[in-house]
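Thank you all for coming; I would like to take a few minutes to walk through one region of a model and the aromatic contacts around it. Please have the sequence and the structure open as I speak.

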Amino acid sequence: MKIKLLDKYIFNQVFFTCFGCILIFMIVWIMPEILLKTVQRTISGDYTIEMAVSILLNELPKVLHIALPVGMLLGTILTFEKMSKDFEITVMRSCGFSFPRIIVSAVIISIFAAGFTFLISAKVLPYSSCRLKAIKRMDRIAQFVFPVKRSNGSIEKIIIVPHYDNMNIKDAIVLNFYNEALDGSSLLSGILISDYVKYDYKTWTINSAKKYSISKDGVFNNNGEDVQNVEILNGESSTNAYKLMKYSIHRDRELTNPQISEYIKLLKAEQMDDEYRFMLNKYIQRFVHSFMCILFAILGCLLGFSKPREQKFIGMLIAVGIIFSYYITIPFFDLLAEKAVLLPQIASMIAPSIAIILIIILKKVKDL
């Protein structure tokens, strides 16, 4: 009965403190930028009141996704600092409870927080991000570049699509290359410029285009020959190119897990290595970010634990440094993964590895 009462007491303390920290963090995060900009655009007439409310509601999942690990870290620190200050931890340990046993309730809460964080990244955030684009009319028409390689790895052609909307592929440019290379670089053999490309699920066909041939000396052989019905892609490559074109206009947070998984497979199949490594890293980060809720909760318990006369601000100062370091290094590790400096599997696991090392060090320093 004492164990149940203890667990219930710690559970309530950790839960409400973490909830308060998450709420405060979301308010602090959303007020300076998102809320202010939305109010300004509403006052200026760019947004209606309904649009403004919808924008704020759809911004919440993005902020909550960031706030959950932070709330777990700060909430557990504040809870265990208070319990240490009030000699509650000392009494519990005197009664024979080990520190791992004391933090069981906090770990259970962090597991639920981790699951909720993953649910947001996998389901809620993609939906809200797409809704935001639609509300703000931010459906951009982006340029798509698709390289086609020969079996020997050399570039056969590069297809550039400056404008596309669903199956309307406009203003396509095709750069054809010689099979031979000069000084390690491909030689441009010709250029096709078309106003429209037809995609029928099997082929990409240019109905009417201007064709410019280029000699190996880099001299144009003609002034633009009119050509009809030129097939520039066929088979699996045509399907892959169309799917990649649709995915390329979306950020990683706008894709569900099945979508980003398919995107990664397509990128790998078409040997688009930089984008493949980047997206694989972001996909793994979805799992890692959720797991960080658990690691941050354990770190918070350790940092919050202190002897009655120890300085209390040190744990909070370290926590702020951990939060700052974690979020500021994410783009850096993304870049390392994209440029093949580190494997995506390694780059995405650096943060949790450091957190685990810190847990081990703190456990020894605190003599637990």
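Before I come to the hairpin, let me say that strands here are DSSP runs of E with at least two residues, numbered from the N terminus, and that two strands pair if DSSP finds at least two bridges between them. Please also keep in mind that this is a predicted model.

With that in place, strand β7, residues 196–199, runs antiparallel to strand β8, residues 203–213, and 3 bridges join the two. β7 and β8 form a hairpin with 3 residues between them, and in that turn Y201 has a positive phi of about 75 degrees. Across this pairing, Y199 stands opposite W204 in β8. On to the next strand: β8 also pairs with β9, residues 225–234, again in the antiparallel sense, over 8 bridges, and there S208 stands opposite Q228 in β9.

Now to the rings, where a search of the whole structure finds 15 aromatic pairs. One of them is formed by Y199 and Y242, which are stacked, at 4.5 Å centre to centre and with 20 degrees between the planes. Because Y199 lies in strand β7 and Y242 in helix α6, residues 236–248, this pair ties together parts that are 43 residues apart in sequence. Are these two tyrosines, Y199 and Y242, buried or exposed? Y199 is buried, with a relative accessible area of 7%, and Y242, at 8% relative accessibility, counts as buried too.

Finally, ring pairs also link F11, F15, F16 and F19 into a cluster.

Note on methods
Residues numbered from 1 in each chain as written. Predicted model: local features only at pLDDT ≥ 70, side-chain atom pairs only at ≥ 80, totals over all residues. Heavy atoms only, no water. Helix = DSSP H or I, 4+ residues; strand = E, 2+ residues; numbered from the N terminus. Phe/Tyr/Trp six-rings, centres within 6.5 Å; stacked < 30°, edge-to-face > 60°. Buried < 20%, exposed > 50% of the residue type's maximum accessible area, 1.4 Å probe, protein only.
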